[in-house]
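Hi,

Here is the structure I promised to pass on to you. Open it up and have a look around, then read my notes underneath.

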Amino acid sequence: MARILSLFRSQPFLALLGRRNPTFCNMSMDSGARETFRAAVEAVQPDTVVRQSIERNGDSVVIDGRRFTLSHNMHLVGFGKAVLGMAAEVERILGDHLVRGVISVPHGMQQTLQQHGKSHLLLKADSRIKVMEGAKHNLPDDDSLKAAEGIKQLATELTEKDLLLVLISGGGSALLPAPVPPISLQEKLDVTRRLAAAGATIQELNKVRRALSLLKGGGLAHHAHPAQVVSLILSDVIGDPLDLIASGPTVTCEVWPEEVLSILERHKLLSSMPASVTQVLARQGPRWKDSNKHSDSPGEALNAVIGSNTVALTCAGRRVRELGFRPVVLSPGVCGDVRLVSRLYGLLARFACSQEEPSPEIAAEVLRLGPEVGVESWDLCRTMQVLGEGRAEGWGATCVLAGGEPTVELTGKGRGGRNQELALRVGLELKGLELPPQGPVFLSGGTDGQDGPTEAAGAVTDAGLYDEAQAQGLDIDGFLSNNDSYTFFSRLSGGERLLVPGLTCTNVMDVHVLLIPPIPIKIS
């Protein structure tokens, strides 16, 4: 530990000589944080990520380094909250070779895009792609079930001469429900809900879902065999695990009924399963052994993640450099309890803003928190080294960028989400530091444009939050205990700290922005 902490000691005074401070941005710190978030969201727009991932060369296309021949043989399916915009861009680039397509999108999506002036994310009037809307309230329903049946039918009819382009984004699992007959959609939902209530792990839940589904866990790719399958994926999962995004419909992941039976037995649910589930799980061997479409095994699909939290943070970093900040990306995988995450950002801010040599205890606590919030020690050391250099070398403003999906323990019935609560808690952690522009600013925002059941995506905060709330008679602890961060920020100074970007048309989890201004250090 002592060796690690030694990395953060200030460099000698002579290190200041010959250094040139970058230009500090002229806009306010609050505006700078909001502009950084906007740049992150713009980088992962559905049409943008598709355009950047497809290279059209005459009658061929290059995707993820692989070339595919086009001969009026391309078919398209998709499912997720962002796939309408993705499909519109594919149609613009490859539409002359498109035979037909079916996409499953959230209920009301087309009308919503039209109302918000996002017509560039809509299909052409004479499109060969059929749009099916469903999954109200982000839950599988009869409409999304019909869409899944249409997608399965298209895939089943393909031949070895065909290319199936699959578009996947967040929300895709609810938009592609296809329980194995005779299991009904409601029975499948009840099984997974009961498992979750019994304390099953996410790995166990996914194994059960796949075993009871025709299309999850590689099922879609199986039904499309022998066609070439290529998936373009906009990831909303930490680490971009292909088998978890929309439950991996194009990722081969065989699950045996015997394994699922043991999971149900472990959680004391086996004896109370519906007869249809018992009937399906009574079949011995892997899911696909009874399929009569093709006896040989399907080839591997190409799965390319074309948009993610990492992509968003990288582009946000370019923008903050233009604004006069030195960017450092902490991690795209921040998770864990929001209280611990807020403590981490508060400590990093104090470390960076100290006018004297920061206490070694700060760095030590940061490193202790790392494993609990999903951040590697190396990333924490690297970030603190950059922040330490900023203090010691006097080159000025810094921006710490991170992303992920922290969790909130629900203790009340208020309105708000993890981003607004994180911003509120970080504001408390910053208490006692300088106010902007001499002090830090923190922003947390959901790239999907909504944070819980509210119109806000998050909020912006600084060291003045506590005193501002006290002056306006707002009890911060009361709002936190009721998980009512949205009401708090709405009442605080007329809601000016709320982040309300409107319809974003994408989702790659959350973006965290910590802006650190130039700190005048004291040298003894």
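Below is what I found, from the whole chain down to single residues.

Before anything else, keep in mind that this is a predicted model.

**The whole thing**

Let's begin with the fold. The protein has 19 helices and 15 strands, and its C-alpha trace spans about 80 × 60 × 50 Å along the principal axes. Does its radius of gyration agree or disagree with that of a compact globule? It agrees: a compact globule of 524 residues would have a value near 24 Å, and the protein has 25 Å.

How much of the chain is tucked away? Of the 524 residues, 56% count as buried. The surface comes to about 22,300 Å², with carbon and sulfur atoms supplying 50% of that area.

Contacts say something about the fold too. Take the contacts whose partners have a separation of 6 or more: residues 24 or more positions apart account for 82% of them.

As for charge, there are 52 positive and 59 negative side chains. The centres of those two sets lie 1 Å apart.

**Two annotated stretches**

UniProt has two features for you to colour in, both from an unreviewed entry. Residues 33-281 carry the annotation "domain: MOFRL-associated". That span is 40% helix and 18% strand, and its end C-alpha atoms lie 52 Å apart. The annotation "domain: MOFRL" covers residues 399-510. Here the span is 29% helix and 18% strand, with 16 Å between the end C-alpha atoms.

**A helix to look at**

Try helix α8, residues 202-211. Which of its residues are buried? They are E204, L205, N206, V208, R210 and A211. You'll see that charged residues are in that list, E204 and R210 among them. The cover over the buried residues of α8 includes α7, α10 (257-266) and α11 (275-281). A handy thing to remember when you look along a helix: with 3.6 residues a turn in an α-helix, residues three or four places apart point the same way.

**Backbone oddities**

There are two cis peptide bonds for you to find, and I'd zoom in on each of them. One runs from P181 to P182, with omega near 5 degrees. P182 lies in the loop between β7 (163-168) and α7 (185-197). Another joins P436 and P437, where omega is about 10 degrees. P437 is in the loop between α16 (418-429) and β12 (441-446).

Next, look at phi. N138 is not a glycine, yet its phi is positive, near 60 degrees. You'll find N138 in the loop between β6 (129-134) and α6 (142-156). Is N138 buried or partly exposed? Its relative accessibility is 43%, so N138 counts as partly exposed.

C505 also has a positive phi without being a glycine, at about 70 degrees. It sits in the loop between β14 (498-499) and β15 (510-516). C505 has a relative accessibility of 11%, and since buried means under 20%, C505 counts as buried.

**Three more residues**

D47 is in helix α3, residues 46-53. This is an acidic side chain, but at 9% relative accessibility D47 counts as buried. What does D47 touch? Leaving out residues up to four places away in sequence, D47 touches G85, E89, R92, H120 and L121.

L369 belongs to helix α14, residues 360-369. With a relative accessible area of 7%, L369 is buried. Setting aside neighbours within four places in sequence, L369 is in contact with L340, R343, L344 and L347. For a sense of scale, L369 and R51 are 318 residues apart along the chain, and their C-alpha atoms are separated by 39 Å.

D448 is in the loop between β12 and β13 (458-462). Its relative accessible area is 31%, so D448 is partly exposed. Beyond residues up to four places away in sequence, D448 touches T504, T506 and N507. From D448 to Q385 is 63 residues in sequence and 32 Å in space, C-alpha to C-alpha.

Have fun with it!

Key
Residues numbered from 1 in each chain as written. Heavy atoms only, no water. Helix = DSSP H or I, 4+ residues; strand = E, 2+ residues; numbered from the N terminus. Rg over C-alpha atoms; globule rule 2.2 N^0.38 Å. Buried < 20%, exposed > 50% of the residue type's maximum accessible area, 1.4 Å probe, protein only. Contact = heavy atoms within 4.5 Å. Areas by Shrake-Rupley, 256 points an atom, 1.4 Å probe, with all protein chains shown as cover. Charge placed at Lys NZ, Arg CZ, Asp CG, Glu CD. UniProt positions renumbered as here; feature names shortened; annotations may be inferred.
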